[in-house]
Structure formats: structure tokens, C-alpha cells
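Biologist: I want to know what earns each label in this fold. Show me the structure, then let us go through the terms one by one.

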Amino acid sequence: MLHFDSDYMEGCHPEILKKLAEINMDKNTGYGTDAYCESAKEKILTACGLNEGEVYFLTGGTQTNAAVISAVLKKYEGVIAADSGHISVHEAGAVEYTGHKVLVIPNKEGKIEAEALKKYLLNFHNDCNNAHMVYPGMVYISFPTEYGTLYSARELKDIHSVCREYNIPLFIDGARLGYGLMSAESDVTLEYISHNCDIFYIGGTKAGAMFGEAVVIPRKGLIPHFFTMIKQQGALLAKGWLLGVQFDILFTNNLYFNIAKNAVSIADKMKKIFIDKGYRLYINSPTNQIFVILPDDKIKELSSKVSFGFWERYDESSAVVRFAVSWAASEDYIKKLSELL
């Protein structure tokens, strides 16, 4: 069976596993106060081009989104997101569970547009009944989007400009950040993101780590007592060095970027195979996720030898399915898939 269900089916990069085995019996202080976490934070801030800032290590993506959003918003505020956004669709109402509504606006290839965002905010503030409504207090986007598409540098800057105009923070979900940054079609760097949003995170779970995400806050003090609120959300790991070690390895010798680049390169080859064999793409994603339209009978036939993810119905007789290429993907997998197709 060939597996393209998701990009976090393997344990972790061998270098991480090797280091974890080496330090297994060492004694480390808890909750991220250890030397490994400090080293990882320094490396991340350097990679981000930040002289100062804050880095926090959390256990997973859903916990990170809920912790960050609930820590930033006031009780009467909600977060704006694309109607296809991860927090809007695939997190089981985790943000709403914290007491904050997700305020959706239409997506265009998975993205929100600065013009649509400004129109939403303008309409809200011009509405004489807005005291009865959920106040938009934050904007959430993901890079890449749920459809593997990318915001350009110009698009990010424009969205951040709208956020600054209305004095609300921009939060970027970077669960698959490495795959977006290493796409040949991206004109965005980690440093650029660091200077064109207010909070973002570097995903580890889906990009080589066993688990964990690194939240980066470029401006110190933006979220007072964030450490305490991470713990309230159940996203703080007592054995914090297990997270620190992983990110310390990932941000040594560009490992994080190199393994993400490998996945994107293999995904590009896979996409070409689908196109050459006459399959239709639902959307032309330039990252590690490929969305293909398959007839129902072909899905049934292929599923006996290949596992992939159902995404949505396309019409009465076909559906959109997703093939996710992980950081650990090899050329052999692509050859075998080509033969099956």
C-alpha cells in the first residue's frame, strides 16, 4: 500500500530520533526552561531575522491555534478567517470551544483578499447595530492554505496593512510553513513573514518533528502571560526539552528547509505524472499537497493499493481527493504510483 494520506505519517527525521536517544537518560528542567529550548529559540529568531522576539513550543497545531487566538482576543471578539480555513472547517470547533466565534469570509483558492477583508471590517464598523455583533478582533490565515496555495509577498503585506489600519493582529498558521517557503513559486521568506504579521508558528508535526509547533511573536510583550495561557489550554509539555531538541535539530544546517524542499520537489513530479496521464487537477497547488478530481469508480479501484484523503464532492460521479507528500517521501514512491495509474 502506498500512503499519501497526510504528511505526518512517519515518526520523525532520523537526526532527531538519534539525538533523542542520545539524551534519553539526561536530566533536564521542565516546561521549556532547558538548554535545548534556549538553543532552539536562538536559532529560530536568527532564521527569522529578529534581534528580539519570543518563541514558545506547543504540542500540536489545533492546540496552538486555540491557545494563540484565545490569548489574543477579548471576550466579545472573534477571529476572521477564510470559509475554507483550517480553524473554520477541520478543527472541530476548537476555537469556538474557547468562547470565540470564527467569522468567515469567502475564499479565493483558499486565500482571503485584502480588499474583501477591508470591506468586511468597514461594513462592521459602519453598522449602527454592531454593538449586538461579534467584534472582529483578529485575522487568521494559513501559509500555505488548506488548498496548498500561497500568498504572495504583496498579498501578505496588503492584508497586514489592513490589519494595522484597524489595529487588529494578523496570525499566520504555519503548520506546513516549510513547504510553502520552499516552493519555487513562493516569493516569501521566513524573515519576510516575521516582519509582515504579528504572530505565526513554525509547524514541526507535519514537517519532520515527532510532534510540536514553535510559536513566534516578533514583538515582545504582545501577549502578556502567554506561558500561563498555554498551560490553561493544555498545550504546554512538562518535558519541554523533547520539543526543544527537535526544533534545535531542525534549525541546524537548514534541515527544516531542506526536507521541505525535498517534499515539494517530489510533489511537483507527482503532479506532472497526474497531468501527463490525463487526470484533472482541482487546483494547481505549488506545495506538497496535490488535489485531483477522480471519478468514484477510479477512487474505489485506486484505494485498494493507494491511500489518500477525501476532500470534497466535485459532482454526482466524482470527488476531489488529496495526495499529501511528506518530508520523508522518496522517488520510489512516485515510480510505483505512476505504474499504478
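Biologist: This is a predicted model. What makes β12 and β13 a pair of strands?

Modeller: Pairing needs at least two bridges. Five bridges join β12 to β13 (residues 318–324), so they pair. The two strands run antiparallel. One of the matches is F310, whose bridge partner in β13 is V321.

Biologist: Which sheet holds these strands?

Modeller: An open sheet of four strands, in the order β9-β10-β13-β12. Its pairing is antiparallel.

Biologist: Why are β9 and β12 said to stand at the edges?

Modeller: β9 (280–283) and β12 (309–315) each have a single partner strand, so one side of each lacks a neighbour in the sheet. From one strand to the next, the twist averages 35 degrees.

Biologist: What packs on this sheet?

Modeller: Helix α12 (residues 255–276) does. It touches β9, β10 (289–295) and β13. The direction of α12 makes about 20 degrees with that of β10.

Biologist: Now another strand. How do you know that β3 pairs with β5 and with β4?

Modeller: Count the bridges again. Four join β3 to β5 (residues 135–142), and four join β3 to β4 (residues 102–105). At least two are needed, so both count as pairs. β3 runs parallel to β5 and parallel to β4. In β5, G78 has P136 as its bridge partner. In β4, V104 stands opposite A81.

Biologist: What makes β3 mostly covered?

Modeller: Six of the six residues in β3 (residues 77–82) are buried.

Biologist: Why is T64 called buried?

Modeller: Buried means under 20% relative accessible area. T64 has 0%, so T64 counts as buried. T64 is found in helix α3 (residues 61–72). Leaving out residues up to four places away in sequence, T64 touches L58, Y201, E213 and V215.

Biologist: What makes the approach of T64 to G60 a polar contact?

Modeller: The cut-off for the N or O pair is 3.5 Å. A polar atom of the T64 side chain lies 2.7 Å from the backbone oxygen of G60, so the distance is within the cut-off.

Biologist: Y31 and H225: buried, partly exposed or exposed?

Modeller: Exposed means over 50%, and partly exposed lies between 20% and that value. Y31 has 37%, so Y31 is partly exposed. H225 has 65%, so H225 is exposed.

Biologist: Where do they lie, and what is notable in their backbone?

Modeller: Y31 is in the loop between α1 (14–22) and α2 (35–47). H225 is in the loop between β8 (213–217) and α10 (226–232). Y31 has a positive phi of about 60 degrees although it is not a glycine. H225 also has a positive phi of about 60 degrees, and H225 is not a glycine.

Biologist: Which kind of peptide bond joins F143 and P144, cis or trans?

Modeller: A cis bond, with omega about 0 degrees. P144 lies in the loop between β5 and α7 (153–165).

Biologist: Last one. Why is α1 called oblique to α11?

Modeller: The axes of α1 and α11 (residues 241–250) cross at roughly 135 degrees and come within 9 Å. Roughly antiparallel needs over 145, and roughly perpendicular spans 65 to 115. The angle fits neither, so α1 is oblique to α11. Their crossing is right-handed. From α1, the contact uses E15, I16, K19 and L20. From α11 come L242, V245, Q246, I249 and L250.

Note on methods
Residues numbered from 1 in each chain as written. Predicted model: local features only at pLDDT ≥ 70, side-chain atom pairs only at ≥ 80, totals over all residues. Heavy atoms only, no water. Axes fitted to C-alpha atoms, helices over the stretch in contact; angles between N-to-C directions. Contact = heavy atoms within 4.5 Å. Buried < 20%, exposed > 50% of the residue type's maximum accessible area, 1.4 Å probe, protein only. Polar contact = N/O pair within 3.5 Å; in protein donor to acceptor, adjacent residues only side chain to side chain. Parallel < 35°, antiparallel > 145°, perpendicular 65-115°, else oblique. Left-handed = near helix turned anticlockwise from the far one by under 90°.
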